[in-house]
Structures are given as structure tokens and as C-alpha cells.
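Colleague: I am about to look at this model with a first-year student, and I would like to go through it in questions. Could you take them one at a time?

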Amino acid sequence: MSSTPFESTQRVAVLGGGPGGYEAALAAAQLGAEVTLVERVGVGGSAVLTDVVPSKSLIATADAAVAISEASDLGVQFYAKGSNGKPLKPEIAINLAAVNKRLLALAGQQSEDMRSTLLESGVRVLSGHGRLEGPNAIIVSTGPGGTDFDRVEADTIVVSVGASPRELDSAKPDGERILTWTQLYDMKALPEHLIVVGSGVTGAEFASAYMNLGAKVTLISSRDQVLPGEDQDAARVLEKVFKRGGMTVLSKSRADSVERTEDGVRVTLSDGRVVEGSHCLMAVGSVPNTAGIGLEDAGVELTESGHVRVNKVARTSVPNIYAVGDCTNYFPLASVAAMQGRTAVFHALGDIVIPLEKIKITSNIFTAPEIATVGWGEKHVEDGVADGLVYKLPLAANPRAKMMGIKDGFVKIIARKGSGTVIGGVIVAPKASELIYPIAVAVERRLTVDQVSRVFAAYPSLSSSITDASRAMHLVNIS
């Protein structure tokens with residue numbers, strides 16, 4: 001009797017080895033399929049090699065710098081003895097070349113680890129540029145100069161080609177002074193004055209990191225405040241922290257052009273103002289890597305922006321072709337891409353599958369402090385989209401936060417009127433990415449605030465603020 005759910009071996013081809021493609025390949029191999037993964041730059045894709053892994057490693061270094069600089073608030077002082085016997089307070093110095101060397105090495109090691117896992121699972125890995133040839137085959141150009149070709153036939157194809165930084169004609173990156181976020185890691189020294197164009201997630205994260213590493217930072221935002229698509233209270237806290245740290249935030253300002261000068265960059269705003277700095281990071285979104293890989297010829301429907309249109313199980317308009325990750329119109333997060341990859345394969349190969357729901361996705365912004373969200377937000381309640389009540393508890397009231405010297409942040413819970421079911425939450429705090437998990441579980445499992453409040457939280461702990469907030473909402477069911 002077969003140990004797999006198939007009468008014959010299914011052939012699965014995965015185009016792109018980012019988080020979505022990687023998980024799709026592993027899931028297919030686990031279910032007994034014959035799996036081939038095609039990757040152009042390396043297993044893990046841009047998420048591992050030039051985006052998520054290196055950027056979060058940089059942020060971890062910035063967090064360490066902040067911890068050292070703020071240690072004196074906790075009574076910890078650093079001194080070096082001078083020649084006259086008197087103590088000299090040392091300065092914190094950032095060796096950016098060493099930092100970038102380390103984070104790129106970490107990214108490379110992570111990529112190799114992922115490749116080894118695939119090979120150990122029986123996945124065939126092909127290095128080269130792939131494109132679809134109809135709905136049942138991928139042509140892979142390999143060898144020196146892409147002169148050799150391999151044809152991979154498949155019953156199911158999973159497209160996971162990711163996205164690249166969006167470039168503007170009026171601000172063309174040169175890799176030296178005008179940079180995309182994939183080019184930052186070539187810098188050998190901390191920028192004297194970094195101008196960040198774009199105040200979305202990517203812009204905010206890098207602005208936060210370089211400010212905390214000691215660079216002068218100017219953030220240009222075309223909206224009223226940073227992170228325009230996020231919880232307003234969270235964005236307000238972050239902007240306050242930015243300004244307190246010395247960052248210049250130019251709200252309601254749009255960059256018309258960026259040009260290189262003799263020793264830096266000049267950014268011209270739409271109102272005629274000019275901002276000069278040493279470097280400029282363009283964080284103005286991304287474009288899917290879907291052009292020229294045969295999707296349209298295979299019958300796959302794309303959006304006007306070039307993203308692959310998919311449903312809740314990551315299926316495209318062609319029944320046996322699935323697409324996952326940033327190249328789709330779904331949700332551009334590495335964790336979502338990974339979940340899409342597994343879901344796509346489970347659906348294609350007849351395993352149990354639970355369609356993805358956007359409202360249950362947990363996301364995190366790795367600024368300092370971090371911002372984590374899940375479920376319905378306060379704006380949904382204000383707009384009448386969700387029938388709920390909102391409770392916000394400042395983190396400064398938490399005893400562990402006092403011990404750690406944490407001054408900024410909060411826990412916010414959104415619960416449905418009548419039942420008290422937790423339908424959303426926001427956490428602004430150090431390591432909010434870890435703290436949001438219990439609220440995410442509550443949203444997924446439809447727990448009430450009373451059920452959450454009955455879970456024991458260690459005392460003292462930051463997570464006890466979740467318990468305290470849920471206890472404060474005890475009477476939500478009679479509102």
C-alpha cells in the first residue's frame with residue numbers, strides 16, 4: 001500500500017527559490033512528489049540574500065548600539081582609564097564594513113543551509129534562469145553565459161519569482177550614492193547624511209536602523225505621517241521616537257528628483273525645496289519579476305501592475321499553475337509567501353488545505369520600537385467595517401518595561417461587541433514580533449478576551465500587558 005496520497009508520482013516544478021518556492025518544494029517532496037526547483041541567484045532568493053535576512057541583521061546591530069548607548073539609564077557606565085588616571089567615557093563606534101561583511105556572510109550561510117535541506121529532502125535544484133513554456137514545462141538556461149538549456153516537465157508549476165526595488169527615471173540608482181535597499185550593503189562606512197525617500201515599511205526600517213547606528217537621517221514622506229498604511233497610534237509613537245533621536249522627518253513632501261553631486265546627493269522636492277546629503281536610499285516600492293518568463297503565453301492572468309492574480313489557495317487562472325510571494329497580488333511578506341507555498345502544494349496534490357485569510361495574517365515592522373499587527377484594526381472599527389471595541393494599554397505602566405527602561409509603546413486589543421471575541425491587535429514594543437503571537441492565536445482560534453485573560457503570564461513580563469488589557473475588557477460583552 002502506497003505511503004503517499006497519489007496513485008502515480010506527481011511532477012512538481014518550482015520557479016524561484018525564495019521563502020515561498022522553498023516551502024513549496026519541501027512540502028511537495030514530503031508528499032512524495034518528484035520535485036525540481038529552479039533558482040537564478042541562490043536558494044532563499046532576494047529575501048535571504050539581499051532583503052529580509054541582511055536587513056534584519058543590520059537592524060539587530062542597530063538595536064545593540066541603542067542598548068549600549070542607553071545602558072547608562074540603567075546605571076551601567078563604560079569607562080576607559082586615561083593616561084592621568086582619570087576615567088574617560090568611551091564612544092560607540094560602528095564599523096559598517098565589518099557589519100555588512102557579517103550580515104552578507106549570514107545571508108550566504110542561510111542560503112546554503114536551505115539548499116542543503118532541499119537536497120537532503122530529495123529536491124533537484126537547478127541553477128539558472130527559468131521561463132515557462134506553456135502550462136506544463138519550464139525551460140532553464142544554464143551553463144556559462146546561459147548557453148545550455150534544460151527542459152523540466154511538470155504536472156504542477158509553482159511560480160515564486162519575487163520582486164525587485166522600483167526605480168524612478170528621475171532618481172536612477174547608481175549603486176554608490178543613490179541606492180536601492182539591495183545596494184546598501186556595499187557601503188564601507190556609515191553615511192554622513194542619509195536621505196530616505198519613502199516612509200513606508202522599508203523606508204521606516206532603514207531610517208530607524210541608520211539613525212540608531214549614528215548616521216544623520218532625513219526621511220521624506222509624501223503623507224501626513226510615517227507608515228501611512230499602519231495603525232495611526234503606532235505611527236505616531238514611531239515618529240515621536242524618530243524626532244527625539246534627531247531624525248528630520250519631512251511630512252507632506254514629495255521628491256521630484258534625486259541627482260548626484262560632486263560629493264553627495266541633491267534631492268529636489270515638489271515644492272522647490274532642496275535637501276542635500278551624502279547618500280540617498282530610494283524606498284518607493286517594488287515591481288514583480290514577472291516580465292519575460294512566459295506567464296502570459298501560458299495563459300496566466302496578471303494585474304495591471306504585473307502581479308500574478310491568485311486566489312486564497314495561491315492558484316492562478318491556469319488550474320495547474322500556482323504563484324506565491326511578492327510576485328502575486330496577495331500580501332508581500334516572507335511568512336505569507338512560505339504559507340502560500342505550502343498551501344499551493346497541498347491543494348495541488350490533494351492534501352488537506354485551509355485557504356488563507358488576509359485578516360489573520362500577522363505582520364511586523366522592524367523599527368525601534370517594533371510594530372506588530374494582526375486582524376482587524378482600529379480604523380476598521382471607526383469605518384464600520386468591523387463591529388468592535390478598542391482598548392489600548394501604554395507599555396510604560398508595565399513593571400518589566402520600567403525595569404528595562406522602556407518608555408515608548410503600547411498593547412492594543414480589538415474585541416467584537418457582544419461576544420468579546422478577539423478580532424485584532426497591535427503591539428508597539430521591543431520584540432513586538434514575539435509578543436504578538438498570543439494575540440494572533442486568539443484571532444485564529446476565536447478566543448474571547450475573558451479566555452485570554454485567564455492564561456497565566458509570568459510576572460514580571462512584557463506579555464503580562466496582554467493579560468492586563470484583556471482583563472480590562474471583561475465587560476465588552478455587555479457593551
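Modeller: Let us begin with a term: a salt bridge is a side-chain nitrogen of Lys or Arg within 4 Å of a carboxyl oxygen of Asp or Glu. This is a predicted model, in which local features need pLDDT of at least 70 and side-chain atom pairs count only at pLDDT 80 or more, while totals for chains, interfaces and linings use all residues. Residues are numbered from 1 along each chain as its sequence is written, and side-chain values use heavy atoms, with hydrogens and water left out.

Colleague: How many salt bridges does the structure hold?

Modeller: Side chains of opposite charge can pair when their charged atoms come close. With the cut-off just given, the number of salt bridges in the structure is 29.

Colleague: How many residues apart in sequence are the parts that Asp150 and Arg124 tie together?

Modeller: Asp150 and Arg124 form a salt bridge through their side chains, with N to O at 3.4 Å. Asp150 belongs to strand 8 (residues 148-153) and Arg124 to strand 5 (residues 124-127), so the parts tied together are separated in sequence by 26 residues. Strands here are DSSP runs of E with at least two residues, helices are runs of H or I with at least four, and both are numbered from the N terminus. The separation asked for is therefore 26 residues.

Colleague: Which residue forms a salt bridge with Lys392, and is that partner buried or exposed?

Modeller: The side chain of Lys392 meets that of Asp233 in a salt bridge, at 3.6 Å from N to O. This pair links distant parts of the chain, since Lys392 is in strand 23 (residues 388-394) and Asp233 in helix 6 (residues 232-244), 159 residues apart. Buried means under 20% relative accessible area, exposed over 50% and partly exposed in between, using a 1.4 Å probe and protein chains only. Lys392, at 38%, is partly exposed, whereas the partner, at 16% relative accessibility, is buried: Asp233.

Colleague: Over the ring of which residue does the charged end of Lys392 sit?

Modeller: A charge sits over a ring if NZ of Lys or CZ of Arg is within 6 Å of the ring centre and within 35 degrees of the ring normal. Lys392 also takes part in a network of salt bridges with Asp231, Asp233, Arg236, Glu378 and Lys412. Its charged end lies 5.1 Å from the centre of a ring, that of Phe410.

Colleague: How many disulfides are there by the rule?

Modeller: A disulfide is a pair of cysteine sulfur atoms within 2.5 Å. Cys280 is buried, because its relative accessibility is 0%, and Cys327 is likewise buried at 0%. By the rule, the count of disulfides is zero.

Colleague: Which residue in strand 7 stands opposite His129?

Modeller: Two strands pair if DSSP finds at least two bridges between them, and strand 6 (residues 129-132) is joined by four bridges to strand 7 (residues 137-142), the two running antiparallel. On strand 6, Gly130 and Leu132 make up the covered face, while His129 and Arg131 make up the uncovered one. Facing His129 across the pairing is Ser141.

Colleague: No two C-alpha atoms of the UniProt "binding site" residues are more than how many Å apart?

Modeller: The unreviewed UniProt entry lists Gly198, Ser199, Gly200, Val201, Thr202, Gly203, Ala204, Glu205 and Gly285 for "binding site". They span 88 residues in sequence, yet they gather at one spot, because no two of their C-alpha atoms are more than 13.4 Å apart. UniProt positions are given in the numbering used here, feature names are shortened, and annotations may be inferred rather than shown by experiment. The limit asked for is 13.4 Å.
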